[in-house]
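Q: Could you take a close look at one part of this model for me, the metal site and the ligand beside it? I'd like one connected walk-through.

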Amino acid sequence: MQTEFQTISSKKNAGMTLKPHRLIQVNIFILISVIIVSLITLAEKKYLAASILLAIEPVLLFAVWLARNRSVELAANVTVLTLTCSMCLLSFWFGGLHDAAISAIPTILIFAAMFVSRRFFIGLLTCILATMSSIYIANVSGWHVNVIPPISFASLFNIVAILLTTSYFVWQLASDLRNALERLEKENARMNEALSHIDILANNDALTGLPNRLLARARFDQFVELSKRNNERIALLFIDLDNFKTVNDSLGHAAGDSLICDVASRLKNAVRASDTVSRQGGDEFLIIIAGQADQESVATVAVKITDVMAVPFKINSMEISATCSVGVALYPDNGHDFDALLKHADMAMYKAKESGRNAFRFYDAQMNTNVIEHLHLISGIRAALSKGEFRLYYQPQFDIRTGRIIGAEALIRWNNPELGNIPPNRFIPVAERSGQIHEIGVWVINEACRQARQWQDSGLPDLVVAINLSPVQFRRDNLERDVMNALEAAKINAATIELELTESLLIVDSDHIRQLLKRIRALGVHLSIDDFGTGYSNLGYLTRFEVERLKIDQSFIRRFTENKNDEGIVRAIIEMAHSLDLEVVAEGVENIEVLNRLRELGCEYGQGYYWSPALPADDFFTFATDWKRNSSSS
Ligand code: C2E
Ligand code: MG
Ligand code: MG
C-alpha cells in the first residue's frame, strides 16, 4: 500500500521518504514567504539581508524542480541545507543569538531528522552548533558584536512569516503522519482478520465449520498429554454414512452438502461439548472422546450416534434415511498415536459395514489379518473374472398355490483354487467397494440370459430367471444398455428375466433411479425387491417404483412357525404387499410346516431348501424337467 511516508530500509536513507508533491508544496510555501520577507527587507534598505534571502530563492526553485523530477531525496537535502545555511548566516550577521531566524531552526531539524540520512543530519546539527558558538565567541571577543535592532513592523512580519511557514509545514507533516498511522491501523486490522480467517480455513471444514483432520489431530495430541497424567483412555470414533453416495449421485451435490451439514449438527448434539466432532472429508466424520472413555461409555455414545442418525433426514422436503457405520479404537489399547488409532478405527468401521451397516464395532487385533484377507479377495476377484472362476447356480422358485415350478434365482458361486468356495456374502461386498461389481454384474446378466435361452431351446420355455443386482450397479448409466444387450445377444423375451433390487436402492426417492427403473420395466423385464424387511422397510417408496414382487427375507421365514414375532411380521408384510397389488415370494422355506402356513397366509411364491438349494445349471435342468413331469403325471 502506498502511504505518504514509507519506511526505507536502505542504510543511506534510514529515515522516511517524502512524497514529491508534499516537498513541492512546502518549498513553494517557503519560497512565497521568503519572497515577501525579502521584498520587505529591501524596502527597509537592508541590502545584505535582502541579498541573502534573494539568493535562497533560485535554490528553492531548483529543489522544486528536483522534486518534480522525482529526485526527492536530493531535493530534500538541498532544501534543508539551504535553509540551515541561510538561517545561520542571517542570525550570525544580524540579531545573533536573538535573531528571529533561529526560531526556524527546530523545524528544519525535525524535517532533516525525518527525511535525510543520519550523517547528513549530524553534519547539519554540527554546523548549527558551530554557528551558535561562533556568534558567542565573536560577541565576547568583540570581533563581531550583534546589534539587536529595535522592534519594527518588519521584525513582526519576519517572525509571523517564520511561524506561519513552520506551522504550515509541521501541520502537513503531522497530518500525513496521522493518515499514515490510520492506514497502518486499518491494514493491521485487515491483516489480523485475514490471519484469523486463514486460521479458521486451515483448521476447520469449509462446509460444516467442524474442526478438520488437522485440528482433530492437534486436539488428540493435547488429550494424550492430559490422559498420560490422569491415566485415562481416549476413544476415536470413525463414522461413515451408509448411503451417502446414492444420495449424492441421485439428488445432486447440493442435497448431499445439506445432508452432510445436518449430519454434522446431529453428531455435535449427540456428544458432550468437551468431545471433538470433526469432518474428515466426504461422508466421514471423527469423534474424539477424552476422559474416562471406557468401552462401556463409548459403546453408549456409539449407540446414541447410530440412533440419532437412524431418524430420517428431511432434504428438499424429502425424507432420506442416512444410517451410519461406526468404528471405534481406543488409546492406549489400540495404538499410541493419532495415525495408528485412525487406521484401526477405520478398519473397525469397515467391520461394522460388513456386518450389515447401521452398526458399530470396536477394533480388535484380529482385524489386521482380516484386512490382508480382504486384499487377497480383491486381487482374487480380478483374476477370477479373467480365468472364468465364477459360476451361476440356480435355485428353483415355486407357485405355492399350484406347486408349479415358475422359475429360478441365479446365484453366483466362486470356487477359487487357493481359497476354496467363497460365499457371495463375503466377496460381493468387497467387489462393491472395489468397483469390480460392475464387471461381475454384466457377466451375471449375460450368463443368466444365455442360460435361459439354452433352457428354452431344451424344452423349458416358461421359466423366469431372477438376477440379483447390487445398488452399486445403478451408479453407472449403462445398466439399461447392459440388460438390453444381454437380451438381444441371447435372443430372449424381456419377460424371461426378473431383476432383484435391494431396498437400500429405493430409499432415496430419486428421479434418476425412478426413470431408469421405469425404462427397464417398459422393456418388459420384471422387477422385485429382495430381502424385504431387513433394510428400511419404508413402505412409501413401494408405490412409487414399478416393482411387482416382494421377496420376504429368509431370516423371517426360516423359523417363523416357531416365533410369534416373525409370524406377525410375515403376515403384515403379505397383507401390506397385497394391499399395494404386489405379489410375495418367501425365501428360505425349509420345511412343510412353513410352507403350509405361508399358503394359509396367502403368500404366492416360495423358494428354499424344502424344494432344493441352488443347483448347477445342468442339475437344475434335470430337477425342473423331473418336477414338471412328476407334477403333470400326478
Ligand atoms: P439372496 O438374493 O437373498 O439369495 C438368497 C440366499 O439364500 C442364497 O444364498 C440362497 O442360497 C440362500 N437360501 C435359499 N434357500 C434357503 C433356505 O431354505 N435356507 C437357507 N438357510 N438359505 C437359503 P447365497 O447364494 O449365499 O447368496 C447370498 C446373497 O448373495 C444373495 O442373497 C444375494 O444378495 C447375493 N448374491 C448372490 N448372487 C449374486 C449375484 O449374482 N449378484 C449380486 N449382486 N448379488 C448376489
Ligand atoms: Mg436374491
Ligand atoms: Mg434375498
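A: Here is a walk through the site, starting with some ground rules.

This is a predicted model, where local features need pLDDT of at least 70 and side-chain atom pairs count only at pLDDT 80 or more, while totals for chains, interfaces and linings use all residues. Residues are numbered from 1 along each chain as its sequence is written, chains are lettered from A and ligands numbered from 1 in the order in which they are written, and side-chain values use heavy atoms, with hydrogens and water left out.

To get your bearings, the domain assignment gives domain 1 (2–183), domain 2 (213–366) and domain 3 (374–633); such bounds come from an automatic or database assignment. The centres of domain 1 and domain 3, taken over C-alpha atoms, are 102 Å apart.

Now for the metals. The magnesium ion (ligand 2) has as protein donors Glu409 (OE), Asn468 (OD1), Glu500 (OE) and Asp530 (OD), at 2.0 to 2.2 Å. Donors here are N, O and S atoms within 2.8 Å of the metal (3.2 Å for Na, K and Ca), and water is not among the atoms, so sites may look incomplete. Along the sequence, these donor residues are spaced E-x58-N-x31-E-x29-D. Distant parts of the chain are linked here: Glu409 sits in strand S11 (residues 405–416) and Glu500 in strand S14 (residues 497–502), 91 residues apart. Helices (H or I, at least four residues) and strands (E, at least two) are DSSP runs, numbered from the N terminus. Both Glu409 and Glu500 are buried, where buried means under 20% relative accessible area, exposed over 50% and partly exposed in between (1.4 Å probe, protein chains only).

Next door, the magnesium ion (ligand 3) takes Asp530 (OD), Asp531 (OD) and Glu587 (OE), the last listed twice, at 1.9 to 2.4 Å. The spacing of its donors along the chain is D-D-x55-E. Asp530 bridges this ion and the magnesium ion (ligand 2), with 3.9 Å between the two. Asp531 lies in strand S15 and Glu587 in the loop between strand S17 (583–586) and helix H21 (592–601), so this pair ties together parts 56 residues apart in sequence. Glu587 is buried, at 6% relative accessible area, whereas Asp531 is partly exposed at 29%. Asp531 also has a backbone quirk: a positive phi of about 50°, although it is not a glycine. For context, most residues other than glycine have a negative phi.

That brings us to ligand 1. It is surrounded by 23 residues, the closest being Gln395, Asp530, Gln554, Glu590 and Tyr609; a residue counts if one of its heavy atoms lies within 4 Å. The shell divides into eight nonpolar, seven polar and eight charged residues. In that split, Ala, Val, Leu, Ile, Met, Phe, Trp, Tyr, Cys and Pro count as nonpolar, Asp, Glu, Lys and Arg as charged, and the others, Gly among them, as polar. S11, helix H13 (424–434) and strand S15 (526–532) each supply at least two shell residues, and S11 gives the largest share, four residues.

As for individual atoms, a polar side-chain atom of Gln554 is 2.4 Å from an oxygen of ligand 1. A side-chain N or O atom of Asp531 lies 2.9 Å from an oxygen atom of ligand 1, and a backbone N or O atom of Ile412 is 3.1 Å from one of the ligand's nitrogen atoms.

Key. Polar contact = N/O pair within 3.5 Å; in protein donor to acceptor, adjacent residues only side chain to side chain.
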